[in-house]
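Colleague: Before we begin, I should be grateful for a guided reading of this model, taken one question at a time.

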Amino acid sequence: MIKNIRTTERNTLMLHELEYPFDSEYILKKSKSLKRRLLEENTQRIPKKIAVLGGSTTHDIIRILELFLLNQGIEPTFYESEYGMYWEDAMFGNEELNAFGPDLVYIHTSFRNLRSLPEVKDSREQVEDKLRSEFEHFQVMWEKLADTWHCPIIQDNFELPYYRLMGNQDGADFHGRTWYVNRMNQMFADYAAEHQNFLINDICYQSAAYGLDEWSAPFFWHMYKYSLCLKAIPWMAHNVANIMKSLYGKNKKSLVLDLDNTLWGGIVGDDGPENLEIGQETNLGQVYAEFQSYVKSLKDYGVMLNVASKNEEENALAGLNHPAGVLKPEDFLIIAANWEPKSRNILEIAHQLNILPDSLVFADDNPAEREIVRQQAPGVTAPEIGKPEDYIRVLDRGGYFEVTSLSEDDRKRNEMYQANLKREKAQASFADYTEYLRSLDMKATIRSFEPVYMARIAQLTNKSNQFNLTTQRMTQAQIEQMAADDSYITLYGKLEDKFGDNGVVSVVIAQKEEKAAHIRLWLMSCRVLKRDMELAMLDELVERCQEAGIEEIYGYYYPTAKNNMVRKFYGELGFEKCSEDEAGNSVWKLNTAGYEKRNHVIEVES
């Protein structure tokens, strides 16, 4: 099984040069050769059309953004507005943009694009009027874009001004430009909180992290009309790419951690758990404690935690049970502490969790171990985490777990996978698989799309790769449109059992055309594979089709590097193969007349 995973993942190699921490000058200088190397890889990528509407020069931003997106498995084509024409293009369009039809819009503006700023003669009311007018200038543009393109919008907020007329009171007095920018950024953030498909690219933070003096160096504006210095472009493009790859399901799912000198100082097998550096007694112990707190917080956001360590299991558990440690054994799904190669353990972790290796990030203090994992476990990301005091910065700015939406299922992901491991243990005690399934007391809810689950459904369409027949990616706006269109049958499926609630795990979208229904999308979360949920979904789909007078259901399979497991899916469900081309794309048909229900183990509420 491990061998099969590795063979598949040879198609998903990434360029290490484009992982944080990266060399910006190298990327800028070698962009052509980096792009060539990326395109030479045998990698299947998601094609996306991205409109970049700029308030400043954007050519080099697009040039570098393309590299990061290609590296994340997204193949972009770009529309670029003329210099400074972001608002005009958004509001009025043009022939080129209209023909382009973007999947995503990125608006690159900066402090230089603010049209009016507070003046010393202004009253508080006049400054508030300027704020409202400025915000409405952007708001009307966002709403026009949303109405026209029904796609996600990414908007830069504003970097702080590069000089302060009022000194340190510039952020406290309403006459200050710093005060004004902070208020405007908060208004942008409030709007983002209320609109699902609107996201902020946090230029304010990025410029502070990079260094505002260098970021806003006036030379680049006056010479080239760049809103930031040339060397900062890769850092900003990396951040924008992180938002985009998160939107399109390219986030990592799990952080796999080494133990000795990664989660604590020292070697537990040699030094003993009582002599490890962790806690408040030493400065280095405090560094490791802070790192453990950071990792624990990632778990709260749905990142699955695992261990791959060369250690005796007894020693590993003793280290994790250190009284000053923040992370405990129960915080991890799998603790692989043995003397096998870490690459082998990591691939086995992916297998046990039923996720692909490219969903894993491996953190290890040892550069040799990191390189071995890169070579022997292709697809796994092993960042150069540096010294202990750098661990948080490198992992955090790597953007591996970028949040663009946070569902209840995300927050419960560790619990759900922990329950899955319990199910696997329970299965071992049954000789008959059907009896095992019955013992789970499974209950499913299968209904038409509902507003409360739209974000999760859109998330699944962009994240699910293995059990995904057509791998069609959709935004929340597209999902909502289909749900409101009577020509579509939309179904979501939730599944729970005696071990816990799996949340929304399956999605089916079928388009009605006269007496036929065409399945445009069928996907399922890997954590409920082989649980007969697919049979329950098919039963409900056939019933809906029969009610609508539909006589035939057509299913489509489009092969990718990751969905080979469902190549024979329709045939196993009793569909008849109609055709298959040289690329492996196949069409299947099922007659609804005389259909008998296939699910006999799940209690379904519809």
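The exchange below treats helix packing, a sheet and one lysine.

Colleague: What kind of model is this?
Modeller: The reader should keep the origin of the coordinates in mind throughout. The model is predicted.

Colleague: Is helix H7 roughly parallel or oblique to helix H8?
Modeller: Helix H7 covers residues 124-149 and helix H8 residues 177-194, and their axes lie 11 Å apart. The two helices pack at an angle of about 40 degrees. Angles under 35 degrees count as roughly parallel. The angle of about 40 degrees therefore makes H7 oblique to H8.

Colleague: How many nonpolar, polar and charged residues has the contact of H7 with H8?
Modeller: H7 passes H8 in a right-handed crossing. On the H7 side the residues include Val127, Leu131, Phe135, Phe138 and Trp142, and on the H8 side they include Trp179, Met184, Met187 and Phe188. Charged residues are present as well, among them Arg124 and Glu128 in H7 and Arg183 in H8. By class, the contact comprises 11 nonpolar, one polar and six charged residues.

Colleague: Is helix H3 roughly parallel or oblique to helix H4?
Modeller: Helix H3 (residues 31-40) packs with helix H4 (residues 59-71), their axes being 10 Å apart. The angle between them is about 25 degrees. Angles under 35 degrees count as roughly parallel. H3 is therefore, with respect to H4, roughly parallel.

Colleague: How many residues of each class does the contact of H3 with H4 hold?
Modeller: H3 passes H4 in a left-handed crossing. From H3, the residues Ser31, Leu34, Lys35, Leu38 and Leu39 take part, and they meet residues of H4 including Arg63, Ile64, Leu67 and Leu70. Divided by class, the residues of this contact are six nonpolar, two polar and three charged.

Colleague: Which residues of helix H9 are buried?
Modeller: Helix H9 spans residues 203-210. Its buried residues are covered by elements that include strand S4, H8, strand S5, helix H10 and helix H12. After H9 comes Gly211, with a positive phi near 120 degrees. The buried residues of H9 are Ile203, Cys204, Gln206 and Ser207.

Colleague: Which strands stand at the edges of the open sheet of eight strands?
Modeller: The strand order is S15-S16-S14-S13-S12-S11-S10-S17, and the pairing is mixed. A strand at an edge has a single partner strand, so one of its sides is left without a neighbour in the sheet. The edge strands are S15 (576-580) and S17 (603-605).

Colleague: Which residue in S14 stands opposite Ile519?
Modeller: Strand S13 (residues 516-524) and strand S14 (residues 552-557) run parallel and are joined by four bridges. Opposite Ile519, in S14, stands Gly555.

Colleague: Which strands does helix H22 touch?
Modeller: Helix H20 (residues 413-427) lies across S11 and S12, running at about 100 degrees to S12. Helix H22 (residues 454-463) also packs on the sheet, and its direction makes about 80 degrees with that of S12. The strands touched by H22 are S11, S12 and S13.

Colleague: Is Lys245 buried or exposed?
Modeller: Lys245 has its place in helix H12. Beyond its neighbours within four places in sequence, its contacts include Gln72, Ile74, Asn251 and Glu402. Under 20% relative accessible area counts as buried. Lys245 has a relative accessible area of 2%, so Lys245 is buried.

Colleague: What distance separates the C-alpha atoms of Lys245 and Tyr400?
Modeller: Tyr400 is among the residues in contact with Lys245. The two are 155 residues apart along the chain. Their C-alpha atoms are separated by 9.4 Å.

Methods:
Residues are numbered from 1 along each chain as its sequence is written. This is a predicted model: local features need pLDDT of at least 70, side-chain atom pairs count only at pLDDT 80 or more; totals for chains, interfaces and linings use all residues. Side-chain values use heavy atoms; hydrogens and water are left out. Axes are lines fitted to C-alpha atoms, for helices over the stretch in contact, and angles run from 0 to 180 degrees between N-to-C directions. Angles under 35 degrees count as roughly parallel, over 145 as roughly antiparallel, 65 to 115 as roughly perpendicular and the rest as oblique. A crossing is left-handed if the near helix is turned anticlockwise from the far one by less than a right angle, and right-handed if clockwise. Contact means heavy atoms within 4.5 Å. Buried means under 20% relative accessible area, exposed over 50%, partly exposed in between (1.4 Å probe, protein chains only). Two strands pair if DSSP finds at least two bridges between them.
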